[in-house]
Amino acid sequence: MSEILHIVGGGMAGSEAAWQAASAGVRVIIHEMRPHVGTFAHKTGDLAEMVCSNSFRSDDDEQNAVGLLHWEMRAAGGLLMEMADRHKLPAGGALAVDREAFAAGVTERLRAHPLVEISGEEITELPREGHWIVATGPLTSGALAEAIRAETGTESLAFFDAIAPIVYADTIDMSVAWEQSRYDKGETEAEQKAYINCPMTRDEYEAFIDALLAADKAEFHEGETAGYFDGCLPIEVMAERGRETLRHGPMKPRGLTNAHKPDEKAHAVVQLRRDNALGTLYNIVGFQTKMKYGAQTEVFRMIPGLEQASFARLGGIHRNTFLNSPTLLDGEMRLKSRPNIRFAGQVTGVEGYVESAAMGLLAARLAVAEMRGEALPAVPSTTAMGALVTHITGGADAKTFQPMNVNFGLFPPVDGLKGGRRGRKDRYKAYTDRAKADWQAWLGAAARDAA
């Protein structure tokens with residue numbers, strides 16, 4: 001096929017989109033400005049670099065919507081799930097990866113593909129000709145963001161993503177901390193001990209909250225507003241919502257038994273999750289923060305077991321821009337005013353690595369079909385993939401549109417199942433069974449149309 005699919009951005013969505021298109025026999029050019037033009041959050045020029053957590057979250061494809069999305073992407077031959085499985089780390093029921101090995105693996109596979117070219121130029125305008133997918137994510141360059149605003153005639157919405165700190169494992173005091181996944185979840189010993197846990201007494205917790213609330217915070221530029229995505233709240237913002245909020249969130253003690261003092265119940269527990277295959281780095285789970293660097297080291301060293309901690313990376317905060325997609329995109333993820341351009345990834349208003357990659361996968365398949373003069377059947381809204389794309393292209397209220405993780409609340413109900421917490425297990429299994437059958441049927445139909 002002589003036509004080229006241009007993909008702007010080599011993050012999760014752009015990398016998956018490139019793989020899907022090239023695997024279908026389409027020539028691809030990935031326009032990735034890094035490392036020639038850097039961002040404050042990225043450290044390398046690798047594709048699919050993970051700048052926040054190293055977790056793809058739950059891998060449970062029967063009871064969890066993101067685990068179902070993993071399953072659907074694997075069924076569609078997703079490169080990112082293949083690399084995640086290859087470079088996974090023990091993480092209980094979650095799918096966590098060695099972030100450097102993961103990104104290097106994705107980059108190597110795409111560079112080696114004969115139909116993929118990687119260009120280092122920065123795209124600063126929205127092209128009027130050719131087939132394009134814009135997958136620039138939350139750190140879209142200023143020039144391109146201005147071009148998007150000029151085209152859409154509206155100011156982009158914005159909130160702030162906060163990054164959790166990473167600790168050197170050998171600086172954690174294991175005479176205080178212990179290894180255990182919540183409720184000993186996992187099939188192997190490594191999975192059951194995938195997290196390091198730091199316990200707090202009531203007095204230690206109260207002192208920590210006081211310090212957290214009093215710490216110096218990053219200031220925003222004039223004209224910016226701090227509207228946070230609830231799935232990635234800075235810990236200070238959670239603490240401001242109530243002194244017990246953290247103890248019922250990332251610091252909840254449930255399902256954990258102190259190996260050093262099994263008869264003593266912790267008032268709160270801070271968990272750290274392995275961040276690389278060597279086990280030399282651990283990130284503090286759920287501890288996204290906007291504290292200034294000096295304040296972070298002081299406050300985090302109040303955590304029992306982290307008194308002497310050294311940090312490979314401190315937390316940070318960055319602006320995340322995204323489209324009001326229900327207004328601006330059509331059902332095939334095309335910009336209504338420029339249908340030669342599709343958008344994919346976080347810039348469309350999905351939140352999370354997996355959701356971003358999934359929208360890249362779908363955008364590429366839609367683009368390839370269009371380039372071939374074909375029409376794919378609509379993705380069933382009963383699937384995780386379909387629930388997400390339906391949400392961003394019209395299912396959400398444009399007036400209140402905010403970034404969204406995949407969740408069962410986006411799925412059409414299954415008739416005959418009772419609601420409420422007691423029926424949740426059966427209901428979720430019905431959702432995932434239905435989704436798997438419908439996704440496989442859609443993949444089969446798409447393959448027949450392409451044949």
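Q: Which residues of helix α5 are buried?
A: In this predicted model, helix α5 covers residues 142–152. A residue counts as buried when its relative accessible area is under 20%. In α5, the ones that qualify are Leu 144, Ala 145, Ala 147, Ile 148, Arg 149 and Thr 152.

Q: What do the buried residues of α5 pack against?
A: Let's stay with that covered side of α5, which includes Leu 144 and Ile 148. The partners are a mix of strands and a helix, given here with their residue ranges. They are β1 (4–8), β7 (131–134), α10 (325–328), β16 (334–335) and β17.

Q: Which residue follows α5, and what is its phi?
A: Moving along the chain, α5 ends at residue 152. The residue after the helix is a glycine with a positive phi. That's Gly 153, with phi near 70°.

Q: Is Ile 341 buried or exposed?
A: Ile 341 sits in strand β17, residues 338–343, and β17 is one of the elements that the buried residues of α5 pack against. The relative accessible area of Ile 341 is 0%. Since the cut-off for buried is under 20%, Ile 341 is buried.

Q: Which residues is Ile 341 in contact with, leaving aside its neighbours within four places in sequence?
A: Contact here means heavy atoms within 4.5 Å. With the sequence neighbours set aside, the list for Ile 341 reads Leu 126, Pro 127, Trp 132, Val 134, Met 333, Arg 334 and Leu 335.
For a sense of distance, Thr 280 is 61 residues from Ile 341 along the chain, and their C-alpha atoms are separated by 42 Å. Back to the contacts: they include Trp 132 and Val 134.

Q: How far apart are the end C-alpha atoms of helix α11?
A: Helix α11 has 19 residues, 353–371. The expected span takes 1.5 Å times one less than the number of residues, so α11 should span 27 Å. The model agrees, with the end C-alpha atoms at 27 Å.

Q: How many of the residues of α11 are buried?
A: This helix is mostly covered. It also gives the most to the largest nonpolar core, with 14 residues. As for burial, the count is 17 of 19.

Q: Which residues touch the most other members of the largest nonpolar core?
A: This core has 74 residues. Apart from it lies another core, of 34 residues, with Met 251 and Phe 300 among them. In the largest one, the residues asked for are Phe 56, Phe 102, Ile 133, Met 359, Met 385 and Phe 411.

Q: At what angle do the axes of α1 and α11 cross?
A: Helix α1 takes in residues 12–23, and its axis comes within 7 Å of that of α11. The contact involves residues such as Ala 13 and Ala 17 of α1, and Gly 360 and Ala 364 of α11. By class, the contact has nine nonpolar, three polar and two charged residues. The crossing is right-handed, and its angle is roughly 35°.

Q: Where is Ala 48?
A: Ala 48 has a phi near 55°, a positive value in a residue other than glycine. At 0% relative accessibility, Ala 48 is also buried. Its place is in the loop between β2 (27–31) and β3 (55–58).

Q: What is the relative accessibility of Arg 57?
A: Arg 57 is found in strand β3 and has a positive phi near 70° without being a glycine. Arg 57 counts as partly exposed because its relative accessibility is 28%.

Terms used
Residues numbered from 1 in each chain as written. Predicted model: local features only at pLDDT ≥ 70, side-chain atom pairs only at ≥ 80, totals over all residues. Heavy atoms only, no water. Helix = DSSP H or I, 4+ residues; strand = E, 2+ residues; numbered from the N terminus. Buried < 20%, exposed > 50% of the residue type's maximum accessible area, 1.4 Å probe, protein only. Core = buried A, V, L, I, M, F, W, Y, C linked by side-chain atoms within 4.5 Å. Axes fitted to C-alpha atoms, helices over the stretch in contact; angles between N-to-C directions. Left-handed = near helix turned anticlockwise from the far one by under 90°. Nonpolar A, V, L, I, M, F, W, Y, C, P; charged D, E, K, R; others polar.
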